[in-house]
Every structure is written in C-alpha cells, then in structure tokens.
Amino acid sequence: STILITFDYKPTAFGHLAFLPFMALSFPYKTNYNDHFETPLIAYQDVAPLLDIIGGGEEKRKNHVLYDPYYCNGRTSKILGSISFTSVHHEKRDFYLDVEQKKNTV
C-alpha cells in the first residue's frame, strides 16, 4: 500500500497559483508519484467544446462515458460532473495491473 500527500492549487489575487497541502492518500497497491496529478477543471473546460462537436452538442454530455484510470484523490467524477459529464468511470484500481491482466474495467 502507498500513502501520498497531494497538493491542491488556488489562484491568488495576483493571478499566480499557490500550492496548498490537500490530503493524504492511501492506495492498496504500489503507486508512482507521477501518476497522481489531477487534471484541473480548466483543462476539461478547454476540451469540452471538442467533445460537444464530436458527440452532438452540449446537451448530450450526459450520454458520453468518460474514463480516467488515474484515481489521484478521486475528484475527477465531481469535476467532470460540474460541467455536465455525469457518466464518468473513475475507480481506485491498479490501472497497470488491469492492463497487464487484460481486464476491461469500463
């Protein structure tokens, strides 16, 4: 098992990002530090219009199934849900073991 300390970032009054301790994470499998950087909301907001074009419009976001294998702190479903992507596959699993064992978790 692995315990990681993650950091969240907050914009400051000067437009810079301040990194603040967020939480300690525990995983029942070995993790790599570089696998635990959560995609911020703004990045999803940048990609959402492309998905809207491909998928038939913003009103169809609930029909998309999005998969994020890197659990980080588990907020991805909430972040994507905030921009109407409500079908998100995001579980605390060992993605690399699933690939090695050819498990389809989606």
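**Nonpolar core and surroundings in a predicted model**

The largest nonpolar core comprises 8 residues, namely Tyr 44, Ala 48, Leu 66, Ile 79, Leu 80, Ile 83, Phe 85 and Val 88. Two elements, α1 and α2 (76–81), each give two or more residues to this core. The model described here is predicted.

The protein as a whole contains 3 helices and 4 strands. Along the sequence these elements follow the pattern β-β-α-β-α-β-α. Of its 106 residues, 30% count as buried. The exposed area of the protein is about 7,300 Å², and 59% of this area is supplied by carbon and sulfur atoms. Among contacts with a separation of 6 or more, 46% are accounted for by residues 24 or more positions apart.

Within the core, Leu 66 is placed in strand β3, which covers residues 66–67. When residues up to four places away in sequence are not counted, Leu 66 touches Leu 51, Leu 80, Phe 85, Ser 87, Val 88 and His 89. Leu 66 and Thr 86 are 20 residues apart along the chain, and their C-alpha atoms are separated by 8.7 Å. Val 88, another member of the core, touches Leu 66, Thr 76, Ser 77 and Leu 80, again not counting residues up to four places away in sequence.

His 64 lies in the loop between α1 (41–55) and β3. The relative accessible area of His 64 is 17%, so this residue is classed as buried, the limit being under 20%. Leaving aside neighbours within four places in sequence, His 64 is in contact with Leu 51, Gly 55, Phe 85 and Ser 87. Of these contact partners, Leu 51, Phe 85 and Ser 87 are also touched by Leu 66.

On the surface, Val 65, Tyr 67 and Val 106 make a nonpolar patch of about 280 Å². Val 106 belongs to the segment after α3 (95–100). Val 106 counts as exposed because its relative accessibility is 53%, and exposed residues are those over 50%.

The structure also holds 3 aromatic pairs. One of them joins Phe 95 and Tyr 96 in an edge-to-face arrangement, with 5.3 Å from centre to centre and 65° between the planes. Phe 95 is partly exposed, at 22% relative accessibility. Tyr 96 is likewise partly exposed, with a relative accessible area of 44%. Ring pairs link Tyr 70, Phe 95 and Tyr 96 into a cluster.

Backbone angles were also examined. Most residues other than glycine have a negative phi. Cys 72, which is not a glycine, has a positive phi near 50°. This residue lies in the loop between β3 and α2. Cys 72 counts as buried, at 4% relative accessibility. A positive phi of about 55° is also found at Lys 102, likewise not a glycine. Lys 102 is placed in the segment after α3. With a relative accessible area of 75%, Lys 102 is exposed. The two residues with positive phi described here thus include a buried one, Cys 72, and an exposed one, Lys 102.

Conventions. Residues numbered from 1 in each chain as written. Predicted model: local features only at pLDDT ≥ 70, side-chain atom pairs only at ≥ 80, totals over all residues. Heavy atoms only, no water. Contact = heavy atoms within 4.5 Å. Buried < 20%, exposed > 50% of the residue type's maximum accessible area, 1.4 Å probe, protein only. Patch = residues over 30% accessible without salt bridge, like charges linked within 9 Å, V, L, I, M, F, W, Y side chains within 5 Å. Areas by Shrake-Rupley, 256 points an atom, 1.4 Å probe, with all protein chains shown as cover. Salt bridge = Lys/Arg side-chain N within 4 Å of Asp/Glu carboxyl O. Core = buried A, V, L, I, M, F, W, Y, C linked by side-chain atoms within 4.5 Å. Phe/Tyr/Trp six-rings, centres within 6.5 Å; stacked < 30°, edge-to-face > 60°.
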